[in-house]
Amino acid sequence: RQVVTSVVVAFMMGLHTYFFLAINLVLTLMVEAFHVGRKYQPRSVIPCYAMDQNDSVGILVNLEKPLGLILEEVEEGEALGVKVTGIREDGSASKSDVKDRLIGLRLESVMGAPVNNLGFDEVMATIIEAPSPVQLVFENYSQTVSDPSEPISTTFPVGSSVAITVLDSGKETTINARVGENLRKVLLENNFEIYKGLKQKLGNCGGGGQCTFCAVEFIACEGWPERSDYEAAKLKKNSTSRLSCLNNIQGPVTVRIT
């Protein structure tokens with residue numbers, strides 16, 4: 001009888017241990033699935049592209065911190081932003097395929113927020129507060145200041161207000177945004193649900209240009225260049241879609257959230 005009792009107790013203890021091991025395995029798999037969008041995101045990929053075909057408007061890059069950019073005031077003592085004077089080898093900028101083209105360019109915006117009219121300390125504070133990867137837009141400063149009488153190369157000046165019309169779930173809504181602001185950020189701040197479904201909510205890359213879940217269809221636009229080759233490769237199935245995280249507002253636009 002004692003032997004039978006011992007066997008039963010041992011069996012119950014073994015079953016108890018097996019049960020907890022199984023629960024632990026299930027929980028581990030659930031955590032891994034929750035973080036899969038970020039954990040396996042390629043960190044060495046730094047998407048970047050010229051904001052127009054002639055590279056006359058600017059260059060957009062997404063860089064991990066530390067950036068490795070050496071920045072100086074455009075004009076000493078003036079609130080005219082900063083320009084790139086060098087690139088350190090220990091930063092992510094040194095791995096960018098446009099690193100040689102950044103030297104001498106002025107930093108126009110950080111995460112869609114214009115910084116070309118800020119002092120050095122304010123620009124640095126904006127970069128420090130920004131999440132990683134940081135979305136930066138650089139422009140050829142000489143083009144915008146060489147001759148005040150020359151027309152501005154962009155149709156809509158940075159900071160000017162334009163209409164953004166959003167088609168979502170059969171509803172049409174028009175909001176105002178400023179040229180230079182990030183399209184994804186504007187949509188989220190205005191409570192548009194660009195990440196639909198559990199997969200997109202858990203797997204979105206946070207604006208790094210990797211997951212493609214923030215893509216929106218461009219119905220009509222004014223002042224916008226063609227989408228980048230990087231976007232074309234990411235969004236092969238829809239030639240009119242763009243990644244909202246990699247697009248700063250250039251002018252009026254109508255988009256459809258898919």
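## A tour from the surface inward

Begin by selecting Ser169, which counts as exposed because its relative accessibility is 65%. The model open in the viewer is a predicted one, and that should be kept in mind at each stop. Ser169 sits in the loop that runs between strand 8 (161–168) and strand 9 (171–178). With the backbone torsions displayed, its phi is positive, at about 55 degrees, even though Ser169 is not a glycine.

Select Thr212 next, where phi is again positive in a residue other than glycine, this time near 70 degrees. Thr212 belongs to the loop between helix 6 (198–203) and strand 10 (215–221). With a relative accessibility of 25%, Thr212 counts as partly exposed, whereas Ser169 counts as exposed.

**The whole chain**

Zoom out before going further, so that the next stops have a setting. The protein is built from 7 helices and 12 strands, and 43% of its 258 residues count as buried. Its accessible surface comes to about 14,700 Å², with 56% of that area belonging to carbon and sulfur atoms. If one takes the contacts between residues at least 6 apart in sequence, 61% of them join residues at least 24 apart.

**Strand 2 and its partner**

Now select residues 59–63, which form strand 2; since 5 of its 5 residues are buried, this strand is largely enclosed by the rest of the structure. Show the side chains and look along the strand: Ile59, Val61 and Leu63 point one way, while Leu60 and Asn62 point the other way, and all of these residues are buried. Add strand 7 (residues 134–139) to the selection, and the two strands can be seen to run antiparallel, joined by 5 bridges. To find the register, start from Ile59, whose bridge partner in strand 7 is Phe138.

**Two cis prolines**

From here, follow the chain to the peptide bond from Lys65 to Pro66, which is cis, with omega near 0 degrees. Pro66 is placed in the loop between strand 2 and strand 3. A cis peptide bond also joins Ser132 and Pro133, where omega is about 5 degrees. Pro133 is part of the loop that lies between helix 3 (120–129) and strand 7, the strand that 5 bridges join to strand 2.

**A buried loop residue**

Select Val74, which is found in the loop between strand 3 (69–73) and strand 4 (82–87). Is this loop residue buried or exposed? Val74 has a relative accessible area of 7%, so it counts as buried. Add Arg106 to the view: it is 32 residues away from Val74 along the chain, yet the C-alpha atoms of the two are separated by 7.3 Å.

**Cysteines without a bond**

How many disulfides does a search of the whole structure find? The search finds 0, and two selections help to show the reason. Take Cys211 and Cys205: the closest cysteine sulfur to that of Cys211 is the one in Cys205, at 3.7 Å, and this is too far for a bond because a disulfide requires the two sulfur atoms to be within 2.5 Å. Then take Cys245, where the closest cysteine sulfur, that of Cys214, also lies 3.7 Å away, again too far for a bond. Cys211 is buried at a relative accessible area of 15%, and Cys245 is buried at 3%.

**The aromatic pair**

The structure holds 1 aromatic pair. It is made by Phe218 and Trp224, whose ring centres are 5.1 Å apart and whose planes meet at 80 degrees, so the arrangement is edge-to-face. Both partners count as buried: Phe218 has a relative accessibility of 9%, and Trp224 has one of 10%.

**Last stop: Ser241**

Finish at Ser241, which lies in strand 11 (residues 241–243) and counts as buried, its relative accessibility being 5%. Which side chain makes a polar contact with the side chain of Ser241? The partner is Asn238, and the contact is 3.1 Å long. Leaving aside residues up to four places away in sequence, Ser241 touches Val216, Glu217, Arg227 and Leu235, and these can be selected together to show its surroundings.

Technical notes:
Residues numbered from 1 in each chain as written. Heavy atoms only, no water. Buried < 20%, exposed > 50% of the residue type's maximum accessible area, 1.4 Å probe, protein only. Helix = DSSP H or I, 4+ residues; strand = E, 2+ residues; numbered from the N terminus. Pairing = 2+ DSSP bridges. Contact = heavy atoms within 4.5 Å. Areas by Shrake-Rupley, 256 points an atom, 1.4 Å probe, with all protein chains shown as cover. Polar contact = N/O pair within 3.5 Å; in protein donor to acceptor, adjacent residues only side chain to side chain. Phe/Tyr/Trp six-rings, centres within 6.5 Å; stacked < 30°, edge-to-face > 60°.
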